[in-house]
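Q: I'm new to reading protein models and would like to zoom in on just one part of this one. Please take it slowly and tell me how that part fits in with the rest.

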Amino acid sequence: MRNKKSFDFDSISKWDEAKMPAEIEDEVLSLYARFTEEGELKWSVMSKFYTELQIGSEWYTLLEPKDLCLEGIDVIDFEKLLDVTYRVLVFMDNAAVIDKQWRLLLQYSGRLQQFPNVTLRKHVMSVKDVQKAAVQVDLDQHIILPMVSWATNGERVFVSYLDFAKVLGKMGLLRY
């Protein structure tokens, strides 16, 4: 009999409390210090920052200013930078798992067929799309809206690739 991984509060709190390993944090700190010698680290230079960390554009272009910036301004919040950068590194390490599951969800929703020219990680799924996928796997329709709300922290009515990756992390399905 196959042992299924349990989804519980512990897996969520482990994900939420996960911290960047010290050696990686030192590298990020060093680069942050170099980038802030002349002033604040701004959103406009984050592509260069991540490129120097050897994080590919296919990953950092998924981020939005709200993911890293202090509220209402173009300045990077250092704590957010550490947390988001670590998550992106985890996602990079688990890309095959995330991509496989995301592709399956997109396929069940019909989005892959409807938008064949959109790259896998640029797709977003609306509540309707999630409902279509749920019908395919016989999932209770009453949990769709709470599920999307949980995946996005109640911020929107669509799920992005990064939202989905975070859910997989909270479920304990990613290595970190």
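The part I mean is the spot around Asn94: where does it lie, is it buried or exposed, and what does it touch?

A: Sure, but one thing before we zoom in: this is a predicted model. Its mean pLDDT is 91, and 95% of the residues reach 70 or more. Confidence does vary along the chain, with helix H3 (residues 46-52) having the highest mean pLDDT of the elements, 98, and helix H10 (residues 144-151) the lowest, 80. Where pLDDT is low, don't read the predicted coordinates in detail.

Let's get our bearings. You're looking at 11 helices and two strands. Reading from the N terminus, the order is α-α-α-α-α-α-α-α-β-α-α-β-α. The C-alpha atoms fit in a box of roughly 55 × 40 × 25 Å along the principal axes. For 176 residues, a compact globule would have a radius of gyration near 16 Å, and this chain's 18 Å agrees with that. Among contacts between residues at least 6 apart in sequence, 59% join residues at least 24 apart.

Now for your residue. Asn94 lies in the loop between helix H6 (78-93) and H7. Asn94 counts as buried because its relative accessible area is 2%, and buried means under 20%. Across the whole chain, buried residues make up 40% of the 176. What does Asn94 touch? If you leave out residues up to four places away in sequence, Asn94 touches Leu174 and Arg175.

Follow that second contact, Arg175, and you run into a salt bridge. Arg175 pairs with Asp93, and their closest N and O atoms are 3.2 Å apart. This pair links distant parts of the chain: Asp93 belongs to helix H6, Arg175 to the segment after H11, and 82 residues separate them. Unlike buried Asn94, Asp93 counts as partly exposed because its relative accessibility is 48%. Put together, Arg175 touches Asn94 and makes a salt bridge with Asp93.

Next, step across the loop into helix H7, which covers residues 95-109. Here you'll find Asp99, the partner of Arg121 in another salt bridge, with 2.7 Å between the closest N and O atoms. This one also links distant parts of the chain, 22 residues apart: Asp99 in helix H7 and Arg121 in the loop between helix H8 (111-114) and strand S1 (124-126). Both partners are buried: Asp99 because its relative accessibility is 15%, Arg121 because its relative accessible area is 18%.

Further along H7 you come to Leu104. Leu104 is partly exposed, since its relative accessible area is 37%. Leu104 helps make a nonpolar surface patch of about 460 Å² together with Tyr108, Val137, Leu139, Ile143 and Met147. For scale, the accessible surface of the chain is about 10800 Å², and carbon and sulfur atoms account for 54% of it.

What about H6, on the other side of your loop? H6 is part of what covers the buried residues of helix H1, and so are H10 and helix H11 (161-170). Those buried residues in H1 (residues 9-17) are Ser11, Ile12, Ser13 and Trp15.

Back to salt bridges for a moment. A search of the whole structure finds nine of them. Some are joined up: Lys66, Asp67, Glu155, Arg156 and Asp163 are linked in a network. Inside that network, the side chains of Glu155 and Arg156 meet at 3.7 Å, N to O. Arg156 counts as buried because its relative accessibility is 18%.

Since we started with a loop, here are two other loop residues to click on. Gln54, in the loop between H3 and helix H4 (57-60), has a phi near 65°, a positive value in a residue other than glycine. Asn153, in the loop between H10 and strand S2 (158-160), isn't a glycine either and has a positive phi of about 55°. Gln54 is exposed because its relative accessible area is 71%, and Asn153 is exposed because its relative accessibility is 59%. Compare those with your starting point: Asn94 is a loop residue too, but at 2% Asn94 is buried.

Terms used
Residues are numbered from 1 along each chain as its sequence is written. Side-chain values use heavy atoms; hydrogens and water are left out. Patches are made of residues with over 30% relative accessible area and no salt bridge: like charges are joined within 9 Å, nonpolar side chains (Val, Leu, Ile, Met, Phe, Trp, Tyr) within 5 Å. Accessible areas come from the Shrake-Rupley method with a 1.4 Å probe; for residues, only the protein chains shown count as cover. A salt bridge is a side-chain nitrogen of Lys or Arg within 4 Å of a carboxyl oxygen of Asp or Glu. Helices (H or I, at least four residues) and strands (E, at least two) are DSSP runs, numbered from the N terminus. Buried means under 20% relative accessible area, exposed over 50%, partly exposed in between (1.4 Å probe, protein chains only). Contact means heavy atoms within 4.5 Å. pLDDT is the predictor's confidence in each residue, from 0 to 100. The radius of gyration is taken over C-alpha atoms; the globule rule is 2.2 Å times the number of residues to the power 0.38.
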